[in-house]
Amino acid sequence: ALLIFQDIGDRPGAAQCLQSLSNLLQMESRYEEARVKLEEAMRQFQDIGGRLGAAQCLRSLGDILQMETRYEEARVGLE
């Protein structure tokens with residue numbers, strides 16, 4: 001789906017796919033890969049003015065950092 005969204009130029013769809021891929025990676029405890037996908041999704045949301053999507057990505061990044069016991073970084077991101 002991600003490749004199709006990218007091929008047709010649907011940037012919001014591509015960003016949402018990256019966000020969903022990150023969720024799956026989190027469930028598999030593949031936190032670093034999940035973080036990379038979320039950071040890319042967040043950049044894409046920011047580029048298109050998607051403040052809600054970017055905020056959701058930040059929240060999820062905070063969740064990942066908590067799971068990795070990186071509490072200070074999680075707090076800063078969530079604030």
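The accessible surface of the protein chain adds up to about 5,100 Å², and 53% of that belongs to carbon and sulfur atoms. Areas like this come from the Shrake-Rupley method with a 1.4 Å probe, and for residues only the protein chains shown count as cover. Keep in mind that this is a predicted model: local features need pLDDT of at least 70, side-chain atom pairs count only at pLDDT 80 or more, and totals for chains, interfaces and linings use all residues. Residues are numbered from 1 along each chain as its sequence is written, and side-chain values use heavy atoms, with hydrogens and water left out.

Now for the overall build. The protein chain has five helices and zero strands, where helices (H or I, at least four residues) and strands (E, at least two) are DSSP runs numbered from the N terminus. Its radius of gyration is 12 Å, close to the 12 Å that the globule rule gives for 79 residues, so the chain is as compact as a globular protein of that length. That radius is taken over C-alpha atoms, and the rule is 2.2 Å times the number of residues to the power 0.38. Those C-alpha atoms fill a box of roughly 40 × 25 × 15 Å along the principal axes.

What about the inside? Buried residues make up 35% of the 79 residues in the protein chain; buried means under 20% relative accessible area, exposed over 50%, and partly exposed in between (1.4 Å probe, protein chains only). Take contacts (heavy atoms within 4.5 Å): among those between residues at least 6 apart in sequence, 40% join residues at least 24 apart.

Let's start near the beginning of the chain. Asp10 lies in the loop between helix H1 (2–7) and helix H2 (11–27), and at 28% relative accessibility Asp10 counts as partly exposed. A polar atom of the Asp10 side chain lies 2.8 Å from the backbone nitrogen of Gly13. Asp10 and Ala41 are 31 residues apart in sequence, and their C-alpha atoms are 13 Å apart in space.

Moving on, the loop between H2 and H3 holds Ser29. Phi of Ser29 is near 60°, a positive value in a residue other than glycine. At 46% relative accessibility, Ser29 counts as partly exposed.

Helix H4 (residues 51–67) deserves a longer stop. At 1.5 Å a residue, its 17 residues should span 24 Å, and its end C-alpha atoms are 25 Å apart, which agrees; the expected span is 1.5 Å times one less than the number of residues. The buried residues of H4 include Gly53, Ala54, Cys57 and Leu61. The buried residues of H4 pack against H2, helix H3 (31–47) and helix H5 (71–78).

Cys57 brings up the topic of disulfides. A search of the whole structure finds zero of them, a disulfide being a pair of cysteine sulfur atoms within 2.5 Å. Why is Cys17 not in one? The closest cysteine sulfur, in Cys57, is 12 Å from the sulfur of Cys17, too far for a bond. Cys17 is buried, with a relative accessible area of 15%, and Cys57 is buried too, with a relative accessible area of 0%.

Finally, follow H4 out to Thr69, in the loop between H4 and H5. Phi of Thr69 is near 55°, a positive value in a residue other than glycine. Thr69 is exposed, with a relative accessible area of 53%.

Technical notes: A polar contact is a pair of N or O atoms within 3.5 Å; within protein, one must be able to donate a hydrogen and the other to accept it, and residues adjacent in sequence count only if both atoms are side-chain atoms.
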